[in-house]
Amino acid sequence: MANQPIIRFENVTKKYSDDTTVLDNVSFEMERGKFYTLLGPSGCGKTTILRLIAGFIEPTDGTIYFNGKNINNVPANERQVNTVFQDYALFPI
Ligand SMILES: Nc1ncnc2c1ncn2[C@@H]1O[C@H](COP(=O)(O)OP(=O)(O)OP(=O)(O)O)[C@@H](O)[C@H]1O
Ligand SMILES: [Mg+2]
């Protein structure tokens, strides 16, 4: 449906290990067609959120929805996610 959020995090927890809880029960929505900025100190979990949306990693708990569907049921190549890395390289031509 056109009016449902393109991304929805529902009570998402991500731990990299028992003592590394990066996201603790996080919920938010992103509307289709809008621009968002993830802002926070180094290590707060910005890249972790993007990696979860891209499907590179899975939540420890909670659910992520892409366009209303559980993202687990949406193949990575249908998630319309692209990445520009913060590290870059220049090549001579
Ligand atoms: N693969 C991993 N294994 C264990 N811990 C990790 C892993 N990836 C990230 N972390 C830890 O999770 C936390 C969040 O990392 P993340 O990369 O999401 O932060 P960030 O907000 O993107 O930081 P930055 O602004 O430096 O890019 C950090 O404490 C980091 O050390
Ligand atoms: Mg980062």
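Reader: In this model, does N67 count as buried, partly exposed or exposed, and how should I read that class?

Author: The model is predicted, and the class follows from relative accessible area, where buried means under 20% and exposed means over 50%. At 27% relative accessibility, N67 therefore counts as partly exposed, and this residue sits in the loop between strand 3 and strand 4 (69-70).

Reader: What is the phi of N67, and where else should I look for a positive phi in a residue other than glycine?

Author: For N67 the angle is near 55°, a positive value in a residue other than glycine. N11 is another such case, with phi near 50°, although N11 belongs to strand 1; with a relative accessible area of 37%, N11 is also partly exposed. A glycine with a positive phi can be found just after helix 1, where G55 takes a value of about 85°.

Reader: Which residues of helix 1 are buried, and what do they pack against?

Author: The buried residues of helix 1 are T48, I49, L52, I53 and A54, and their packing partners are strand 1 (7-17), strand 2 (20-30) and strand 3 (61-66).

Reader: How should I read the largest pocket, and what is its volume?

Author: One may begin with the volume, about 1,000 Å³, and then turn to the lining, where L38, L50, I53, V81 and N82 are the closest to the centre among 31 residues. Helix 1 (residues 46-54) supplies the largest share of that lining, 6 residues. By character, the lining divides into 15 nonpolar, 9 polar and 7 charged residues.

Methods. Residues are numbered from 1 along each chain as its sequence is written. Chains are lettered from A and ligands numbered from 1 in the order in which they are written. This is a predicted model: local features need pLDDT of at least 70, side-chain atom pairs count only at pLDDT 80 or more; totals for chains, interfaces and linings use all residues. Side-chain values use heavy atoms; hydrogens and water are left out. On a 1 Å grid over the protein atoms alone, a cavity is a set of points where a 1.4 Å probe fits but cannot get out, and a pocket is an open set with protein on both sides within 12 Å along at least five of seven lines; lining residues have an atom within 4 Å of a point. Grid points are joined across faces, edges and corners, and a volume is the space filled by probe spheres set on the points. Helices (H or I, at least four residues) and strands (E, at least two) are DSSP runs, numbered from the N terminus. Ala, Val, Leu, Ile, Met, Phe, Trp, Tyr, Cys and Pro count as nonpolar, Asp, Glu, Lys and Arg as charged, and the others, Gly among them, as polar. Buried means under 20% relative accessible area, exposed over 50%, partly exposed in between (1.4 Å probe, protein chains only). Contact means heavy atoms within 4.5 Å.
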